[in-house]
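Here's a quick briefing to read alongside the model. Have the sequence and the 3D view open as you go.

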Amino acid sequence: MNPITLQVKTTSHTQMLDITRLVQDAVTDSGVKSGICTIFIPHTTAAVTINENADPDVVRDFTMEINKIVPWEDGYHHMEGNSAAHLKSSMIGFSEQVIIEDGRLVLGVWQGIYFCEYDGPRTRKVIVKITEG
Ligand code: ZN
């Protein structure tokens with residue numbers, strides 16, 4: 001099965017966007033009942049992670065703290081001026097894998113899949129590869 005390219009639009013400079021539904025829809029459309037779903041971000045200033053989607057303050061705190069760990073201005077050398085975004089992306093990571101069972105993503109009750117924007121707002125791609133097995 002070919003990889004599927006999904007599009008997301010971020011609205012802030014730094015943002016965590018819940019893409020669980022988008023990814024689940026891709027799994028549903030594939031018709032695959034059992035397998036692995038790989039989510040890959042083909043960008044150098046964005047990332048993907050899995051975390052709590054029940055209390056929006058978790059995402060708010062996550063963003064607040066990562067901005068403290070990697071400040072936007074810190075005497076960086078990179079000409080483009082977005083070194084902080086490159087660093088945050090590598091720290092969080094560019095891919096996740098989720099098990100598919102009965103056509104559903106196997107996630108914990110409180111878990112959601114988040115697209116992490118670190119140099120937005122932009123239109124971004126999320127590549128999903130569904131492997132049956
Ligand atoms: Zn750059």
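The salt-bridge count comes to five in this predicted model. As a rule, side chains of opposite charge can pair when their charged atoms come close. Three of the pairs are picked out below, followed by the zinc site, helix H3 and a nonpolar surface patch.

**Salt bridges**
- Arg 60 pairs with Asp 57, with the closest N and O atoms 3.2 Å apart. Both residues sit in helix H2, three residues apart, or about one turn of the helix.
- Arg 60 is exposed because its relative accessibility is 59%, while Asp 57, at 36%, counts as partly exposed.
- Lys 68 and Glu 65 also meet through their side chains, at 2.9 Å from N to O. This pair lies in helix H2 too, again three residues apart, about one turn.
- Lys 68 has a relative accessible area of 55%, so it's exposed; Glu 65 has 33% and is partly exposed.
- Arg 122 forms a salt bridge with Asp 119, and here the closest N and O atoms are 2.9 Å apart. Arg 122 is partly exposed at 34% relative accessibility, but Asp 119 is buried because its value of 13% is under the 20% cut-off.

**Zinc site**
- The zinc ion takes its protein donors from His 78 (NE2), Glu 80 (OE), Asn 82 (OD1) and His 86 (NE2), which lie 1.9 to 2.1 Å from it.
- Along the sequence, those donor residues follow the spacing H-x1-E-x1-N-x3-H.
- Why is the arrangement around the zinc ion irregular? The four donor atoms subtend angles of 93 to 144°, and tetrahedral would need all angles to lie between 85 and 135 degrees.
- Of the donors, Glu 80 is exposed at 53% relative accessibility, and His 86 is partly exposed with a relative accessible area of 25%.

**Helix H3**
- H3 covers residues 83–92, and Ser 83, Ala 84, Ala 85, Lys 88 and Ser 89 are buried there. The buried residues of H3 pack against strand E4 (46–52) and helix H2 (56–69).
- Ser 83 is buried, with a relative accessible area of 14%. Leaving aside residues up to four places away in sequence, Ser 83 touches Tyr 76 and the zinc donor His 78.
- After H3 comes Gly 93, which has a positive phi, near 105°.

**Nonpolar surface patch**
- Ile 36, Ile 99 and Val 106 make up a nonpolar patch on the surface, together offering about 230 Å² of accessible area.
- Ile 36 belongs to strand E3 (residues 34–40) and is partly exposed, at 31% relative accessibility.

How values were computed: Residues are numbered from 1 along each chain as its sequence is written. This is a predicted model: local features need pLDDT of at least 70, side-chain atom pairs count only at pLDDT 80 or more; totals for chains, interfaces and linings use all residues. Side-chain values use heavy atoms; hydrogens and water are left out. Donors are N, O and S atoms within 2.8 Å of the metal (3.2 Å for Na, K and Ca); water is not among the atoms, so sites may look incomplete. Four donors count as tetrahedral if all angles lie between 85 and 135 degrees; four count as square planar and six as octahedral if opposite donors are over 155 degrees apart and all others between 65 and 115; anything else is irregular. Buried means under 20% relative accessible area, exposed over 50%, partly exposed in between (1.4 Å probe, protein chains only). Helices (H or I, at least four residues) and strands (E, at least two) are DSSP runs, numbered from the N terminus. Contact means heavy atoms within 4.5 Å. Patches are made of residues with over 30% relative accessible area and no salt bridge: like charges are joined within 9 Å, nonpolar side chains (Val, Leu, Ile, Met, Phe, Trp, Tyr) within 5 Å. Accessible areas come from the Shrake-Rupley method with a 1.4 Å probe; for residues, only the protein chains shown count as cover. A salt bridge is a side-chain nitrogen of Lys or Arg within 4 Å of a carboxyl oxygen of Asp or Glu.
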